[in-house]
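Grab a viewer and work through a few short exercises. Try each task before you read its solution.

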Amino acid sequence: MDRKNDCKIPDCGNLPGSAGGKLVVGSKQLRKAVCAGRARCVFLAENADPGLTGPLEALCQAHNVQITWVRSMADLGRACGIEVGAAAAAVVET
């Protein structure tokens, strides 16, 4: 089964699970949050460079963090409230 086609963000653009948490955008911040055990869930863009998303996916799996794949970097950026595309984002504990 292709996990990338299983989960999508809603068309309204809000990230599920973000209520009561802080949003971090970008691979460096995401990596820090996952390693610190603060990441609640992670969002990765399907059209982002696999050289970037592959290691992040492996890190999340190693730390047992749920991954949701988003159709495009533009969709993920919009859902995060930024004007540019985002390859990775996470909801973290505050």
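Here come four exercises on this predicted model, each with a worked solution.

**Exercise 1. Which faces does helix α1 show, and what do its buried residues pack against?**

Start by picking out the buried residues of α1: they are Ser27, Leu30, Ala33 and Val34. Next, look down the helix axis. These buried residues fall within an arc of 125°, so they line one face of α1. Now turn to the other side of α1, where Lys28 and Lys32 are exposed. Finally, check the neighbours of the buried face: the buried residues of α1 pack against β1 (22-25), β2, α2 (50-62) and β4. While you're there, step just past the helix, and you'll meet Gly37, which follows α1 and has a positive phi near 80°.

**Exercise 2. Is Ser27 buried or exposed, and which residues does Ser27 touch?**

First place the residue: Ser27 sits in helix α1, which covers residues 27-35. Then take its relative accessibility, 18%. The cut-off for buried is under 20%, so Ser27 counts as buried. For the contacts, skip anything up to four places away in sequence; Ser27 then touches Leu52, Leu56 and Ala88.

**Exercise 3. How many salt bridges does the structure hold, and where do the partners of each sit?**

The tally is two salt bridges. Take Arg40 and Glu93 to begin with: their closest N and O atoms are 3.1 Å apart. This pair links distant parts of the chain, with Arg40 in strand β2 (residues 39-45) and Glu93 in the segment after β4 (88-92), 53 residues apart. Now add accessibility. Arg40 is partly exposed at 30%, and Glu93 is partly exposed too, at 39%.

Then go to Asp75 and Arg78, whose side chains meet in a salt bridge with an N to O distance of 2.5 Å. Both lie in helix α3 (residues 73-79); they are three residues apart there, so about one helical turn separates them. Arg78 comes out as exposed, at 55% relative accessibility.

**Exercise 4. Which residues make the nonpolar surface patch of about 210 Å²?**

Look for nonpolar side chains on the surface, and you'll land on Val25, Ile82 and Val84, which make up the patch. Now zoom in on one of them: Val84 is in the loop between α3 and β4. To settle how open Val84 is, use the cut-off for exposed, over 50%. Val84 has 55% relative accessibility, so Val84 counts as exposed.

Methods
Residues are numbered from 1 along each chain as its sequence is written. This is a predicted model: local features need pLDDT of at least 70, side-chain atom pairs count only at pLDDT 80 or more; totals for chains, interfaces and linings use all residues. Side-chain values use heavy atoms; hydrogens and water are left out. A salt bridge is a side-chain nitrogen of Lys or Arg within 4 Å of a carboxyl oxygen of Asp or Glu. Helices (H or I, at least four residues) and strands (E, at least two) are DSSP runs, numbered from the N terminus. Buried means under 20% relative accessible area, exposed over 50%, partly exposed in between (1.4 Å probe, protein chains only). Patches are made of residues with over 30% relative accessible area and no salt bridge: like charges are joined within 9 Å, nonpolar side chains (Val, Leu, Ile, Met, Phe, Trp, Tyr) within 5 Å. Accessible areas come from the Shrake-Rupley method with a 1.4 Å probe; for residues, only the protein chains shown count as cover. Contact means heavy atoms within 4.5 Å. The arc is that of the directions from the helix axis to the C-beta atoms.
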